[in-house]
Amino acid sequence: MPRIIFVEFDGTEHPVDANNGLSLMEAARDHDVPGIEAECGGVGACATCHVYIDHEWVAVSGAADRVERELLEMVEGRCEESRLSCQIGISHEMDGLIVRMPEAQGF
């Protein structure tokens with residue numbers, strides 16, 4: 001079971017032991033991680049689960065597809081590391097993954 005560390009904009013860390021096969025959004029939601037609203041329920045339609053994935057984890061997490069990239073273009077705080085956490089499936093290779101949340105999603 002991989003351990004994912006969700007980091008709020010203020011630096012508060014939320015380590016989560018996540019089940020393989022869930023999305024990052026589902027793992028955050030199931031562990032009450034603040035800042036991941038997921039209003040659309042994980043279908044990649046709202047961008048309320050926007051996160052930043054460090055470059056060294058892109059090979060493991062995968063790249064955003066065209067539809068996800070188009071949605072992210074409308075997101076406040078978007079950068080090269082931006083992803084929708086609902087579109088990233090968890091695997092055992094993600095043990096130690098650090099997921100950062102943008103300031104716009106801070107509470």
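Is Glu70 buried, partly exposed or exposed? Glu70 is partly exposed, with a relative accessible area of 40%. The model discussed here is a predicted one. Its strands include an open sheet of five, with mixed pairing. A search of the whole structure also finds four salt bridges. The points below take the sheet, the salt bridges and then some single residues.

**The sheet**

- The five strands are ordered β2-β1-β5-β3-β4.
- The sheet is open, and its pairing is mixed.
- Strand β2 covers residues 13-17, and strand β4 covers residues 82-84.
- Both β2 and β4 stand at the edges of the sheet. Each has a single partner strand, so one side of each is left without a neighbour in the sheet.
- On average, neighbouring strands of this sheet are turned by 35° against each other, with direction ignored.
- Strand β3 (residues 50-53) and strand β5 (residues 98-100) run antiparallel. Two bridges join them.
- Which residue of β5 is the bridge partner of Ile53? The partner is Val99.

**Salt bridges**

- The whole structure holds four salt bridges. Three of the pairs are described here, starting with Arg3 and Asp17.
- The side chains of Arg3 and Asp17 meet at 2.9 Å, N to O.
- This pair links distant parts of the chain. Arg3 is in strand β1 (residues 3-7), Asp17 is in strand β2, and the two are 14 residues apart.
- Arg3 is partly exposed, at 38% relative accessible area. Asp17 is partly exposed too, at 35%.
- Asp30 forms a salt bridge with Arg29. Their closest N and O atoms are 3.1 Å apart.
- Asp30 has a relative accessible area of 43%, which makes this residue partly exposed. Arg29 has a value of 42% and is also partly exposed.
- Arg66 and Glu70 meet through their side chains in a salt bridge of 3.0 Å, N to O.
- How far apart are Arg66 and Glu70 along helix α3? They are four residues apart, so about one helical turn separates them.
- Glu70, the residue from the opening question, is partly exposed at 40%.

**Two residues with positive phi**

- Asp32 has a phi near 55°. That is a positive value in a residue other than glycine.
- Asp32 sits in the loop between α1 (24-30) and β3.
- Asp32 counts as exposed, because its relative accessibility is 67% and the exposed class begins over 50%.
- Ala47 has a phi near 70°, again a positive value in a residue other than glycine.
- Ala47 also lies in the loop between α1 and β3.
- Is Ala47 buried or exposed? At 10% relative accessibility, Ala47 counts as buried. The cut-off for buried is under 20%.

**Leu71 in helix α3**

- Leu71 is part of helix α3.
- Leu71 counts as buried, at 15% relative accessibility.
- Which residues touch Leu71, leaving aside its neighbours within four places in sequence? They are Gly44, Ala45, Cys46, Ala47 and Leu84.
- Ala47, one of these contacts, is the loop residue with a phi near 70°.
- Leu71 and Glu26 are 45 residues apart in sequence. In space they are 19 Å apart, C-alpha to C-alpha.

**Ser85 after strand β4**

- Ser85 belongs to the loop between β4 and β5.
- Ser85 is buried, with a relative accessible area of 0%.
- Leaving aside neighbours within four places in sequence, Ser85 is in contact with Ser23, Leu24, Met25, Ile36, Cys49 and Val51.
- Val51 is one of these contacts, and strand β3 spans residues 50-53.

**Gly62 between two helices**

- Where is Gly62? Gly62 is in the loop between α2 (58-61) and α3 (66-72).
- Gly62 is partly exposed, at 26% relative accessible area.
- Gly62 and Ile88 are 26 residues apart in sequence. Their C-alpha atoms are 7.5 Å apart in space.

Methods: Residues are numbered from 1 along each chain as its sequence is written. This is a predicted model: local features need pLDDT of at least 70, side-chain atom pairs count only at pLDDT 80 or more; totals for chains, interfaces and linings use all residues. Side-chain values use heavy atoms; hydrogens and water are left out. Two strands pair if DSSP finds at least two bridges between them. Axes are lines fitted to C-alpha atoms, for helices over the stretch in contact, and angles run from 0 to 180 degrees between N-to-C directions. Buried means under 20% relative accessible area, exposed over 50%, partly exposed in between (1.4 Å probe, protein chains only). Contact means heavy atoms within 4.5 Å.
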